[in-house]
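Here's a walk through one model, asking at each step what earns a label. Take a look at the structure, then read on.

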Amino acid sequence: MKLTRKSIGRIAASFVATAMLATMAIVPASAADPEDIDTVTIKKAITASENVKVPNTSFTFTVDEGTEVAATENSPAIYAGVEGAVYFDGVANTITFSPADTVFTKETQLSVDTSKFTAPGIYRYVVEETAGSYDGMTYDTSEHTLDVYVTNGADGSYNFAYIFDGKAYGDAEGKTDGTITNTYTTHKVTVGKTVEGNQGNTDKDFSFTVTVNGAEGEQYTLIKENDTEHPITLTSGTPQPVSLKDGQTFVIYGLSENDTYTVEETDYSSEGYVTSYDSAYVEGDKRTDKDVESGNSISSVKIGNDDDSVMFYNYKDASTPTGIMMDIAPYAVLVVIAAAGCFIFLRKRHAKED
C-alpha cells in the first residue's frame with residue numbers, strides 16, 4: 001500500500017482518537033474527597049408491646065431537595081437544597097430488621113458532600129419514609145426536614161451545622177439524634193386448661209400443638225405460666241408442642257391483625273375424657289354453657305384487633321354403682337320383715353311357756 005500525505009493524516013487521526021478513548025476508559029469519574037463528606041445519622045425506632053419479637057421487615061427512605069422559604073422579619077430565607085449534595089450512599093437508604101435482633105432501634109447515615117456548597121446560607125432537604133405493607137406496622141408519613149447551615153469560616157472555608165426537624169442535630173443533651181419512630185401493633189392469645197369431673201386427673205399434663213400463621217419468617221413468643229425466664233419461640237407456620245395441667249395457662253405474644261392461630265389438644269377420649277373449649281373465655285371468669293363448643297381444637301382463628309382467650313375443658317366422671325343395691329332391695333326388705341316376725345313369734349312362745 002502506497003502511503004500518501006492524505007492516508008498518513010487519516011492514520012494519525014485514528015491513533016489520536018484511539019488514544020483519547022483509552023484515556024477516557026482508564027480515568028475514573030471524579031468523586032468527592034472523603035474529607036468533604038459529612039454524615040448525618042438517621043435512626044429507625046419501633047415501639048412494640050412487651051414480649052413481642054422484632055418484626056421481619058425493612059424500612060426505606062428517600063431524600064430530596066426541599067422547597068425555598070422566603071425570609072421573614074424573624075427568620076432568614078431557606079434555600080432549596082443543592083442538588084446531589086445530600087444523599088444515601090448505596091443501600092444506606094434501607095434499614096432492615098429481623099426477629100434475630102434484640103433491639104428495636106437501628107440506624108443508617110445520610111452523606112453530605114460539603115464541597116458542593118458554594119455560598120453561605122440555609123439549605124433544606126426533605127427525608128421521607130416509604131410506606132410499606134407489613135401487617136401491624138404504622139408507617140411514618142410525615143416529611144422530615146434536614147437543614148444544612150453553611151456559615152463563613154476562616155481562610156475562605158465554610159462551617160457546617162445540621163438541623164433535623166427544627167432541632168439541632170448531635171449527641172449533646174437537648175439535641176436530636178435523627179430518630180423516626182414507627183408503632184408495631186400486636187395482640188396476644190391466652191390458652192388455659194380446666195379439668196373437671198370426679199375422675200378428672202388434675203395432676204396430668206395435657207398435650208397441645210400450637211401453630212401461628214403470619215408473615216414469612218415472623219416469630220412469636222410463647223410464655224407458659226408467666227415463666228418469662230424460659231420463653232418459647234414460635235415461627236410462622238411451624239407447629240409447636242406445649243402442655244398444660246389443670247389451672248395452668250400459656251400466652252402467645254406478637255400476633256398482628258391478620259395473623260391466625262390454631263390450638264389443638266391431643267384426643268384423650270380413649271381415657272374417658274370429654275373435651276370442649278370456650279373461645280369467649282376471659283381470664284378470671286367462669287364458663288357459661290352457651291359459650292362452650294365440643295371438640296379438642298380451635299382452628300385458623302384470625303386475631304383481629306383484640307386479644308383472645310381460649311379455655312379447654314376436660315371432663316371425666318363416673319357414677320357410683322348403685323344398681324346392684326336397687327336390684328336386691330325388695331328382697332332385703334322381705335328378709336327383714338320375716339326376721340322381725342320370727343322374733344315376735346318366738347318371744348310370745350317363750351312368754352307362754354313361762
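Q: What makes two strands count as paired?
A: Two strands pair if DSSP finds at least two bridges between them. β14 and β17 are joined by 5 bridges and run antiparallel, so they clear the cut-off of at least two. One of the facing residue pairs there is Thr209 opposite Pro241 in β17. Keep in mind that this is a predicted model.

Q: How do you know that β19 and β22 pair, and in which sense?
A: The count is 4 bridges, in the antiparallel sense. The cut-off is at least two, so the label fits. Glu264 stands opposite Ser297 in β22.

Q: In what order do the strands of the antiparallel open sheet come?
A: The 4 strands run β17-β14-β19-β22. From one strand to the next, the twist averages 20°.

Q: Why are β17 and β22 called edge strands?
A: Each of them, β17 (240-244) and β22 (297-302), pairs on one side only.

Q: Which residues of β17 sit on the covered face and which on the uncovered one?
A: Gln240, Val242 and Leu244 make up the covered face, while Pro241 and Ser243 are on the uncovered one. In a regular strand the side chains alternate between the two faces of the sheet.

Q: What about the sheet with mixed pairing: which strands form it?
A: That one is an open sheet of 5 strands, in the order β4-β6-β1-β12-β8. β4 (86-87) and β8 (137-138) have a single partner strand each, so one side of each is left without a neighbour in the sheet.

Q: How do you know that β4 and β6 pair?
A: There are 2 bridges between them, in the antiparallel sense. At least two are needed, so the pair qualifies. Tyr87 has Ser111 in β6 as its bridge partner.

Q: Why is Ser111 called buried?
A: Its relative accessible area is 8%, and buried means under 20%, so Ser111 makes the cut. Leaving aside neighbours within four places in sequence, Ser111 is in contact with Ile37, Asp38, Ala85, Val86, Tyr87 and Asp89.

Q: What makes Lys193 and Glu265 a salt bridge?
A: Their closest N and O atoms are 3.1 Å apart. The limit is within 4 Å, so the pair counts. Lys193 lies in strand β13 (residues 187-196) and Glu265 in strand β19 (residues 260-265), so this salt bridge ties together parts that are 72 residues apart in sequence. Lys193 is buried at a relative accessible area of 1%, and Glu265 is buried at 1% too.

Q: Why does Lys204 count as buried, and what does Glu271 count as?
A: Lys204 has 19% relative accessibility; buried means under 20%, so Lys204 gets the label. Glu271 has 36%, and between 20% and 50% a residue is partly exposed, so that is the label for Glu271. These two also form a salt bridge, with the closest N and O atoms 3.4 Å apart. Lys204 is in the loop between β13 and β14 (206-213) and Glu271 in the loop between β19 and β20 (274-278), 67 residues apart.

Q: How do you know that Asp147 and Arg124 form a salt bridge?
A: The closest N and O atoms are 2.7 Å apart, and the cut-off is 4 Å, so the pair is counted. Asp147 lies in strand β9 and Arg124 in strand β7, so the pair ties together parts that are 23 residues apart in sequence. Both residues are buried. The structure holds 6 salt bridges.

Q: Which residues touch the most other members of the largest nonpolar core?
A: Of its 30 residues, Val86, Leu110, Phe117, Tyr125, Leu146 and Val148 do. The elements giving two or more residues to this core include β1 (37-47), β6 (105-113) and β9 (144-152). Another core, of 24 residues, lies apart from it, with Val189, Val195, Val242 and Tyr268 among its residues.

Q: What share of the protein chain counts as buried?
A: The figure is 33% of the 354 residues. The secondary structure comes to 2 helices and 23 strands.

Technical notes
Residues numbered from 1 in each chain as written. Predicted model: local features only at pLDDT ≥ 70, side-chain atom pairs only at ≥ 80, totals over all residues. Heavy atoms only, no water. Core = buried A, V, L, I, M, F, W, Y, C linked by side-chain atoms within 4.5 Å. Buried < 20%, exposed > 50% of the residue type's maximum accessible area, 1.4 Å probe, protein only. Salt bridge = Lys/Arg side-chain N within 4 Å of Asp/Glu carboxyl O. Axes fitted to C-alpha atoms, helices over the stretch in contact; angles between N-to-C directions. Contact = heavy atoms within 4.5 Å.
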